[in-house]
Structure formats: C-alpha cells, structure tokens
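Subject: Handover of a structure and notes on its contents

Dear colleague,

Please find below the structure that I am handing over to you. My notes on it follow directly after.

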Amino acid sequence: MTMQARSPTPLAALAGTLMLAALLLALLLASSLLPSPAAAQAKTRSPAGAALAYVPNEGSGTISVIDTATDQVIAELPGGDKPRGLAVAADRRWLYVSDQPHNRLQLVDPGARALGATIALGESPEGVAMSPDGRWVVVAVEGKNEIAVTDTRSNALAFSIKVQGRNPEHAVFSPNGRLLFVSAEEGEAVDIVDFTARKQVAQVAVGARPRGIGFLPDGSRAYVATENANEVFVIDTARFAILARIKAGLRANGVAVHPNGREVYVSNGGDANVSVIDSASNTVVATIPVGQRPWNMALTPDGKKLYVANGRSNSVSVIDTASRTRLRDVAVGKLPWGVVIR
C-alpha cells in the first residue's frame, strides 16, 4: 500500500515556528553574554594578578609589556624619545621612565597607552628606582651628579641629593629603604646615601665603570658589577667595606638577586651570557648564554624566571632559574635597556 505524506497540521506548524524562535533567542542571548573582541583584548592586556615585565626600548622609543605567564608581548606603549630607566607604581597606574635626550622623567599611563606629564630633571637622566614603600621614585642624573627624587603622591619633583661620584648610573634602595647605593660610572666608586637624612654618608671604591647594583633580601650585602674591570664587588652594608671581589664575564653590568638570596645573576655584555653567583661562597657556579649585549635584568616575584634585556638582539631572554637554562627569546623593540617586573 502506498503511503502519502501528509502536510503538518496548523498546530504542529505553529509549534515548530515557536521552537525555532526560541532557539534563535537563546543564541542571541548567549552571544550577548560573550565578550566582544575589544573586551577580550582588554582582558588579555590586563591580566589580573599576573606579573608583567616592562622593557624600555631606547632605540624605538617604546615600552614592551610581556605577560610573564605566557611570555607573550601583550602591549607596546609609548615611552618618550629614548627611554632607559623605568619604575612601576605599586598599582601599575603609572610608569616612570627616564627620557634621556629631553632631560626629564616621563610618566606613562599603561591603561590608556598614552604619555602623561613630564618632570624636568637635568642633563642625562639614567637609572630609575622605586622605594620599597612605593612613595618615592629616584633617578640618577648623570650631568648634575645628583639623585632627583619624585613624590608619587603628587607626581612632582620633591628634592635632589648631591653625590660625590661623577656620572651616577644607577641609584638603588636597600631593602629597608634607608640607604641608596649609587654607582658612579666615571668615579670608580659607589656613593652611599642616607635617604632619611638626604645626604651622602660614605663612598666605597670599586672597579672601573660600576653599573648594576643588587642587594641580598636581608640587606646585609650589596653586589656591584663593574663593566671595565669585569668584576663584581661585594659590599658589607653595615661597615661599608668590600667583602669579596668576584671575576665575572666581559663587560659585567646588570645585577639581579634571587628572592631567596642564594643566587646573584650578572649579565656580561661582551660575552653574551649571564653569570650565576652562589652567595654563600661568592663564586660563579654557572654561565648561561643569552642574546647579544645583555644589559639590565629582573626576576619574577617567585624567582622562577629571569628576564634579560639583550640590547643588540632586540630581544629579552627568559631563563629558568631552577635548571639554569634559557627557555626562549621574546622579540621586543629596538635596543632594550632593561627589564622591570611587577
């Protein structure tokens, strides 16, 4: 017997139409709950709780921002004409960058990706550092042989401190914020400033062309790289005396100290590697190859990864500190000067 297809009843047709409409409505509601591409991008560019690495690129006038969870560049910010030293506010609201050719401190708003106000400092500002309590930003001003101090509450210059050494390169706070150690690039010395008294209280002679400075977490020792001497000088911060001299690589410059205090890392610009110093014995225990002309560096808060700015490779090398191996190189702007992680 041949069966003939029957047309749907009006009621069945209505039910089908209603089901289709309900399905379309559900899809529309679901799509409205999904983030737009712009919102998704904004979330990617502001990872909640993730440590970010900020890399000033003096050749391209930019600041590359690396998400340390993924080692991906998530933003390129303007940084002035020649950004070098950099400090990051505790809430990441502002970046403070030394714009060397314009003799000023440049504020950068990373959220808006825009330049903010500027603060006049004097000829050739270089290294920038934040006080442990987040209140002060200090800048080594080479041409004036002084440290310029900005109050982050007002983002205005508060005062300056004269130092004896010529061409201060870096000014770094001790962990308790009481002292500033300043590397005098042409003075072959480290100037020591009592920050509360706002004056220099000592000077320690080191090797030729001192550069980077790092403190053990308890503040008992400071490690100073000397570029032309190819050595690291270890200073007793209580007695302001040299405890040890450690042979490093060619053109030693950047210094970073592991949060556990057991290892100190020194970048060797002429050897394209990083020396690992055992702080218990004050000896080099490993050497890790990186990019060309490694300069200033920074560690993640947990100490698991070290980020090294490679000036001539236009990259940042990422080192696994446990295995002492280079994980990867991250392409950034031209002539990266250093790394700050917050």
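The paragraphs below set out what was found, beginning with the salt bridges and then turning to one sheet and two loop residues. Please keep in mind throughout that this is a predicted model.

**Salt bridges**

Across the whole structure, the search returned 20 salt bridges. Five residues, namely Glu169, Glu185, Arg209, Arg211 and Glu227, are linked in a network of such contacts. Three of the pairs are described here.

The pair Arg209 and Glu185 forms a salt bridge in which the closest N and O atoms are 3.0 Å apart. Arg209 is located in the loop between strand 15 (199-205) and strand 16 (210-215), while Glu185 is located in the loop between strand 13 (179-184) and strand 14 (189-194); the pair therefore ties together parts that are 24 residues apart in sequence. How exposed are these two side chains? Arg209 has a relative accessibility of 27% and so counts as partly exposed. Glu185, in contrast, counts as buried because its relative accessibility is 7%, and the cut-off for that class is under 20%.

Glu185 also forms a salt bridge with Arg211, the closest N and O atoms being 2.9 Å apart. This contact again links distant parts of the chain, as Arg211 belongs to strand 16 and Glu185 to the loop between strand 13 and strand 14, 26 residues apart. Both Arg211 and Glu185 are buried.

Arg209 in turn meets Glu227 in a salt bridge, with an N to O distance of 3.1 Å. Glu227 sits in the loop between strand 17 (221-226) and strand 18 (231-236), and Arg209 in the loop between strand 15 and strand 16, so this pair connects parts that are 18 residues apart in sequence. With a relative accessibility of 6%, Glu227 counts as buried.

Taken together, Glu185 has contacts with Arg209 and with Arg211, and Arg209 has a further contact with Glu227.

**An open antiparallel sheet**

Four strands form an open sheet in the order 20-21-22-23, with antiparallel pairing. Which strands lie at its edges? The edge strands are strand 20 (252-257) and strand 23, each of which pairs on one side only. From one strand to the next, the twist averages 25 degrees.

Strand 20 pairs with strand 21 (residues 263-268) in the antiparallel sense over four bridges. Val257 has Val264, in strand 21, as its bridge partner.

**Two asparagines with positive phi**

Asn145 has a positive phi of about 50 degrees, although it is not a glycine. This residue is placed in the loop between strand 9 (136-141) and strand 10 (146-151). Asn145 counts as partly exposed because its relative accessibility is 23%.

Asn282 likewise is not a glycine and has a positive phi, of about 55 degrees. Asn282 is found in the loop between strand 22 (273-278) and strand 23 (283-289), two strands that also take part in the open sheet described above. Is Asn282 buried or exposed? At 17% relative accessibility, Asn282 counts as buried.

With kind regards

Technical notes:
Residues numbered from 1 in each chain as written. Predicted model: local features only at pLDDT ≥ 70, side-chain atom pairs only at ≥ 80, totals over all residues. Heavy atoms only, no water. Buried < 20%, exposed > 50% of the residue type's maximum accessible area, 1.4 Å probe, protein only. Pairing = 2+ DSSP bridges. Axes fitted to C-alpha atoms, helices over the stretch in contact; angles between N-to-C directions. Salt bridge = Lys/Arg side-chain N within 4 Å of Asp/Glu carboxyl O.
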